[in-house]
Amino acid sequence: MKIIVLAIKFEYNGIEQIINPVIIQDDSHMILIDAGYPCQFELFKAAAKKSDIDLNKLSHIIITHHDFDHIGSLAEFKKRFPHIQILSSSIEKAYIEKHKKPLRLEQAEKRYPFLSDNEKQQALIFHKILENIEGVEVNDILHNHQVLPIGEGVEVIFTPGHTQGHISLYIKENKTLITGDALVLANGKLFIPFPEFAYNLAQAQSSIKNLMNYEIDEMICYHGGRYKGNWQDIFILDNDLIENS
């Protein structure tokens, strides 16, 4: 099975950024994991071309969670390739289809009374971005520990905390974990992303503990890319969340 890590480079809020969606492919499937920020379809297309990937062959898109940087271009993918099947956890399905208000929007609204006028203007821009993301029908629900028939098997692992229905994916034959936002990689170190904005920080910590039961040689973080090595040591040494929980 092939694992292709795309490097989607762009500027956001005046800062150059990179996200790392993943494509997994065997003889029968080509699956994209997460769909970027809004208006990034052409960036995906260009990044795929660099890796000699034809997006017309996509069969599925798996969404790890509904944050706007993971579903922003999902509707565009579905319009371009109507045959694609969209998969997520049952909890995230309601957000992806826009039956529920995005978690980040709920969190932002709670902070409005405490913001300065300038901060409120920025918050309203963010509010509009979230509101304008189109809902997309989820075709199938993924379950905890479900093994998808791709290659020698890809296990769905529920990793709630960052959002309530967050999932990660474990590729058994490569001992590779696609983390979504359960972990981020920055300056060679692994962290739980933005603990202050987590849906449930205790759950996020527990999810990482659960990952320690897996034999993982490589992690692919949506924010940060590939990490190879003893991930448990660098996470415990550089982040007290596990040791003190």
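Here are some notes on this structure, which is a predicted model.

1. A good place to start is the hairpin of β2 and β3. The two strands run antiparallel and are joined by 5 bridges. One of the pairs is Glu-11 with Glu-16, the latter being its bridge partner in β3. Between the strands sit 2 residues, and in this hairpin Asn-13 has a positive phi near 55 degrees.

2. Next, look at helix α1, residues 41-50. Its buried residues are Phe-41, Phe-44, Ala-47 and Ala-48. Viewed down the helix axis, they fall within an arc of 125 degrees, so they line one face of α1. Lys-49 and Lys-50, on the other side of the helix, are exposed. As for what lies over the buried residues, the cover includes β2 (8-12), β5 (30-33) and α3 (74-80). After the helix comes Asp-52, another residue with a positive phi, here near 60 degrees.

3. Just before α1, have a look at Gln-40, in the loop between β5 and that helix. Is Gln-40 buried or exposed? Its relative accessibility is 4%, and buried means under 20%, so Gln-40 counts as buried. Leaving out residues up to four places away in sequence, Gln-40 touches Ile-8, Phe-10, Ile-19 and Ser-73.

4. Now the largest nonpolar core, which has 34 residues. The members that touch the most others are Ile-23, Leu-55, Ile-61, Ile-63, Leu-74, Phe-77 and Ile-86. At least two core residues come from each of β2, β5, α1, α2 (68-71) and α3. The largest share is that of α1, with 4 residues.

5. Ile-23 is worth clicking on in the viewer. Setting aside its neighbours within four places in sequence, Ile-23 is in contact with Lys-2, Ile-3, Ile-4 and Leu-6, and also with Met-30, Ile-31 and Leu-32. Ile-53 and Leu-55 complete that set of contacts.

6. Further along the chain there is an open sheet of 6 strands, in the order β9-β10-β11-β12-β15-β16, with mixed pairing. At its edges stand β9 (147-148) and β16 (225-228); each has a single partner strand, so one side of each is left without a neighbour in the sheet. The partner of β16 is β15 (residues 218-221), and these two pair in the antiparallel sense over 4 bridges. Within that pairing, Ile-220 has Arg-226 of β16 as its bridge partner.

7. Which residues lie nearest the centre of the largest pocket? They are Tyr-12, Phe-68, Phe-126, Phe-194 and Phe-197, out of 29 residues in the lining. The volume of this pocket is about 1100 Å³. Two or more lining residues come from each of α2, α5 (103-111), α6 (117-132) and β13 (184-186). Of the lining, α6 gives the largest share, 6 residues.

8. Finally, the enclosed spaces. How many cavities of 30 Å³ or more does a search of the whole structure find? The search finds 3. The largest cavity has a volume of about 80 Å³. Its lining includes His-66, Asp-67, Phe-68 and Ile-71, along with Tyr-95, Lys-98, Lys-100 and Pro-102. Leu-130 and Ile-133 line this cavity too. Phe-68 is a residue to look at twice, as it lines the largest cavity and is also among the residues nearest the centre of the largest pocket.

Conventions
Residues numbered from 1 in each chain as written. Predicted model: local features only at pLDDT ≥ 70, side-chain atom pairs only at ≥ 80, totals over all residues. Heavy atoms only, no water. Pairing = 2+ DSSP bridges. Buried < 20%, exposed > 50% of the residue type's maximum accessible area, 1.4 Å probe, protein only. Arc of directions from axis to C-beta. Contact = heavy atoms within 4.5 Å. Core = buried A, V, L, I, M, F, W, Y, C linked by side-chain atoms within 4.5 Å. 1 Å grid on protein atoms, 1.4 Å probe; cavity = no way out; pocket = protein on both sides within 12 Å on 5 of 7 lines; lining within 4 Å. Points joined across faces, edges and corners; volume = space filled by probe spheres on them.
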